[in-house]
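Got a minute to walk through a fold together? Have a look at the sequence and the model first.

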Amino acid sequence: MPESWRRFLVSTLLLLTGATLIGWYYGHADWGLLIAALAALAWHIRQLLIFDRALRIGDFEAFRYGEGIWSQMFARFSFLKQRSRRHKRAYRQLLREVRESTNAMPDGGIVLTSQFEIVLCNTAAQELLNLQQRQDRGQRIDNLVRDPLFIEYLKSGIPQAGVEIPSPARSGNWLLCRVVPYGGNQQLLLVRDITERRRLATMRREFVANASHELRSPLTVISGYLDTLAEDPDVPQAWRAPVAQMRSQAARMNNIVAELLELSRLEAPIGERVDQHVDVAALLASTRKAYAGKAKGPTLTVNCESRARIVGRLAEIESIVTNLLSNAMRHTPEDGSVTLTWRSGADGAELIVADTGEGIAEDHIPRLTERFFRVDSGRSRDDGGIGLGLAIVKHALERHDAKLEIHSQQGKGSTFICRFPPSRIVIDQPMPISAGTGASR
Ligand code: ADP
């Protein structure tokens, strides 16, 4: 029991006992006890009234602290009140600092409810998206930012990558918008100005495209002369080997230039869409035929389980198949096998290239689609690879809203899965239940 309570109880007891004894001395012990109890009660009621008044006007300093247990209560209350005032001041200061630092950030940040209604936003977000903190609070962000890609992105269940949209505030500027889960069931929309990054990417793309384009003509001339020299019987025997080597290197350079041009074209923004219905089954059949004549290489099996067509561009789908298949064939030993599968379902369609070849170490997998990335640069160079094949595949897939998934185990083989969404698939013929057509060379 606290000391103050002990003292309070002892003094009350002493008062009542004393009064009872005095009453007893005068022959009325009960009167003595009653008068003392009433006096104690009156005193406590008075302290209670003072306390209530202090509470109502919120000022404990204006009153005397009372006495005994009441003085303790007044003091404790006063202390708690001061502490709460101090905390409030500290919180207000903290809030001011957080607000100032978020407002100083160059990136926009908007707190949204689970229904995408604006809770609060910083200054950068207001400038980048043309928002007004007071007026737009409570409004749905997709009612204020009307870009179709952005609306689609919000509906899509928030993939990590984010979406690039033209700035609604400044024409010619671009923004990267990304939603991340925040707090309990809120979300944080992060907005970054990526105008400069896009400008540099465009410059790089144009430089590569122009340089590759300019290299083409001299290369064609060099290759032409080398072809003529290779076929000329008057060329001395000692020159034959160097000429052959120069021809093969010129062919390799032609290949690199062609791949760079292809990549630049795929990276360029999609102009007017001229989509076709690409017959994948027919494409796989012709691929199978092309490989059937080859004397060397692993076994190729084509499983065409669907008649689904892809809404897109034939040349790009061809490029996807060719790059994945040539990689699989190059990285699989002669006694191994490569399987090409096309199948579709309610979730879309999949083009799968699986091999039983050398496989890829796990830490290399995330980097495979980078430009010029090769697992073993020496060996890749020897077999004609320059590390652009999978970058081309990735960009061609992106232009079809498709994704590339890579599974691989070193020494066991690799599987490359291209997933096309239902919006990119048309099935205009009844699907065979199972139409696996094994084919090999
Ligand atoms: P490259 O033109 O050099 O083949 P890619 O971009 O097509 O470049 O591939 C990048 C790297 O990924 C290659 O260097 C190769 O080592 C590895 N790779 C690609 N496909 C396979 C596969 N099916 N099996 C094993 N390694 C592969």
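What follows is a chat between a visitor and a guide about this predicted model.

Visitor: In what order do the strands of the open five-stranded sheet run?
Guide: Pairing in this open sheet is antiparallel. Strand 2 (118-121) and strand 3 (163-166) are the edge strands, each pairing on one side only. From one strand to the next, the twist averages 25 degrees. Reading across the sheet, the order is 2-1-5-4-3.

Visitor: How many bridges join strand 4 to strand 5?
Guide: Strand 4 covers residues 174-182 and strand 5 covers residues 186-193. The two run antiparallel, and one of the matched pairs is Cys177 with Val191 in strand 5. The number of bridges joining them is eight.

Visitor: What angle does the direction of helix 7 make with that of strand 3?
Guide: Helix 7 takes in residues 148-155 and packs on the sheet. It touches strand 3, strand 4 and strand 5. With the direction of strand 3, the helix makes about 155 degrees.

Visitor: And helix 8, which strands does that one touch?
Guide: Helix 8 spans residues 195-231 and also packs on the sheet. Its direction makes about 125 degrees with that of strand 4. The strands touched by helix 8 are strand 3, strand 4 and strand 5.

Visitor: Let's move along the chain. Do strand 7 and strand 9 pair in the parallel or the antiparallel sense?
Guide: Look at strand 7 (residues 299-304) beside strand 9 (residues 337-345), with six bridges between them. One pair to find is Thr299 and its partner in strand 9, Ser337. The sense of the pairing is parallel.

Visitor: Which residue in strand 10 stands opposite Trp342?
Guide: Strand 9 and strand 10 (residues 348-355) run antiparallel, joined by eight bridges. They form a hairpin, with two residues between the strands. Opposite Trp342 in strand 10 stands Leu351.

Visitor: Phe372 has a positive phi; is this residue buried, partly exposed or exposed?
Guide: Its phi is near 65 degrees, and Phe372 is not a glycine. You'll find Phe372 in the loop between strand 10 and helix 12 (377-382). Its relative accessibility is 45%, and the partly exposed class lies between 20% and 50%, so Phe372 counts as partly exposed.

Visitor: What is the relative accessible area of Asp401?
Guide: Asp401 is another residue other than glycine with a positive phi, near 55 degrees. Asp401 sits in the loop between helix 13 (389-398) and strand 11 (403-409). Asp401 is partly exposed, and its relative accessible area is 42%.

Definitions and conventions:
Residues are numbered from 1 along each chain as its sequence is written. This is a predicted model: local features need pLDDT of at least 70, side-chain atom pairs count only at pLDDT 80 or more; totals for chains, interfaces and linings use all residues. Side-chain values use heavy atoms; hydrogens and water are left out. Two strands pair if DSSP finds at least two bridges between them. Helices (H or I, at least four residues) and strands (E, at least two) are DSSP runs, numbered from the N terminus. Axes are lines fitted to C-alpha atoms, for helices over the stretch in contact, and angles run from 0 to 180 degrees between N-to-C directions. Contact means heavy atoms within 4.5 Å. Buried means under 20% relative accessible area, exposed over 50%, partly exposed in between (1.4 Å probe, protein chains only).
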